[in-house]
Amino acid sequence: ESGGIVESLSSNKLQEREDVASRLLSDRKRIINLLFEVTQTKESKPQIRGARELGIELLGEYRAEEVVDYLVREISLRVPSFSPEDNPVNAYPCARALVKIGNSGIHGILKQLSNSIKEIDIKLFAFVIRSIDGDEIGLYRLQKALEKADGVERQNLMKLIEIYKQKRMDY
C-alpha cells in the first residue's frame with residue numbers, strides 16, 4: 001500500500017494527490033482519537049510501558065497538538081521506570097510527549113498556570129520548557145509571561161522561574 005501512496009502523491013493529477021493527502025490526514029486523526037481513547041483506560045496497577053503509557057508516548061510521536069491540554073493536566077502521571085539508573089523524568093510519559101509535541105506544549109503549560117498546581121507539575125513544566133526552548137530562550141519566555149501575569153498565574157510563574165533557574169530538578 002505504501003507504494004500506492006507514493007505513486008498517488010507523485011501523480012500528475014492534482015485531484016489524486018489531494019485525495020491521498022486527505023486520506024492520510026483522516027487516518028492520522030482517527031489514529032490520534034484511538035490513542036487518546038487508550039490513554040483514558042485506568043489500569044489496575046501501573047506497569048512498565050502499559051497501554052496508557054504507550055498511548056501517551058505514541059501521541060507524542062504523532063505530535064498530537066489536539067491533546068496538549070490533557071497531557072498538561074496529567075503531566076504528573078507516573079509509571080515505573082525501566083531501571084533505577086534511568087533518567088527520573090522517564091517515569092512521566094506526559095512530560096516526554098509534550099517535549100515531542102514542542103511549542104504547542106509550552107503554550108498549553110502557560111495556559112495551565114492560572115490554576116492551582118502541584119510542585120511536581122511545576123518541576124515537570126520546567127523540564128518540558130527547557131527541553132524545547134533551552135535555558136536562555138525558555139527563561140526569557142517565562143519572564144515575558146510574568147510581565148503580563150497576576151494572581152495565581154503570577155505566583156505559579158514565579159515558582160516556575162525559580163525552579164527553572166536551578167537547572168537541576170529532583171522528581
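## T39 and its surroundings

Which residues does T39 touch, not counting residues up to four places away in sequence? In this predicted model, the answer is R52, G55, I56, L59 and Y70. T39 itself belongs to helix α2, which covers residues 14-39. With a relative accessibility of 0%, T39 counts as buried. Its side chain also has a polar contact, at 3.0 Å, with the side chain of Q40.

## Helix α3 and the loop after it

Let's turn to α3, which spans residues 51-61. Its buried residues are R52, E53, G55, I56, E57, L59 and G60. These buried positions pack against α2, α4 and α5. Four of the names will be familiar from the first section: R52, G55, I56 and L59 are among the residues that T39 touches.

Just after α3 comes R63, with a positive phi of about 50°. That is worth a second look, because most residues other than glycine have a negative phi. R63 sits in the loop between α3 and α4, the latter being residues 68-73. Is R63 buried, partly exposed or exposed? Its relative accessibility is 41%, so R63 counts as partly exposed.

## Salt bridges

How many salt bridges does the structure hold? There are eleven. One of them brings together the side chains of E66 and R28, at 3.2 Å from N to O. This pair links distant parts of the chain, with E66 in the loop between α3 and α4 and R28 in helix α2, 38 residues apart. E66 is exposed, at 52% relative accessible area, while R28 is partly exposed, at 25%.

Another salt bridge joins R130 to D135, and here the closest N and O atoms are 2.7 Å apart. R130 has a relative accessible area of 16% and is therefore buried; the cut-off for buried is under 20%. Its partner D135 is partly exposed, at 33%.

Then there is the bridge between the side chains of K144 and E147, at 3.5 Å from N to O. Both residues lie in helix α7, which runs over residues 119-148, and they are three residues apart, about one turn of the helix. Why might such a spacing suit a pair within a helix? An α-helix has 3.6 residues a turn, so residues three or four places apart point the same way. K144 is partly exposed, with a relative accessible area of 34%, and E147 is exposed, with 58%. Elsewhere, salt bridges that share partners join E53, E57 and R96 into one network. Two members of that network, E53 and E57, are among the buried residues of α3.

## How α5 and α7 meet

Our last stop is the pair α5 and α7. Their axes come within 9 Å of each other and cross at roughly 25°. The two helices are therefore roughly parallel to each other, as angles under 35 degrees count as roughly parallel. Their crossing is right-handed.

Which residues make the contact? From α5 come A95, L98 and V99, and from α7 come L124, F127, V128, S131 and I132. Helix α5, residues 93-101, is also one of the elements that the buried residues of α3 pack against.

Terms used: Residues are numbered from 1 along each chain as its sequence is written. This is a predicted model: local features need pLDDT of at least 70, side-chain atom pairs count only at pLDDT 80 or more; totals for chains, interfaces and linings use all residues. Side-chain values use heavy atoms; hydrogens and water are left out. Helices (H or I, at least four residues) and strands (E, at least two) are DSSP runs, numbered from the N terminus. Buried means under 20% relative accessible area, exposed over 50%, partly exposed in between (1.4 Å probe, protein chains only). Contact means heavy atoms within 4.5 Å. A polar contact is a pair of N or O atoms within 3.5 Å; within protein, one must be able to donate a hydrogen and the other to accept it, and residues adjacent in sequence count only if both atoms are side-chain atoms. A salt bridge is a side-chain nitrogen of Lys or Arg within 4 Å of a carboxyl oxygen of Asp or Glu. Axes are lines fitted to C-alpha atoms, for helices over the stretch in contact, and angles run from 0 to 180 degrees between N-to-C directions. Angles under 35 degrees count as roughly parallel, over 145 as roughly antiparallel, 65 to 115 as roughly perpendicular and the rest as oblique. A crossing is left-handed if the near helix is turned anticlockwise from the far one by less than a right angle, and right-handed if clockwise.
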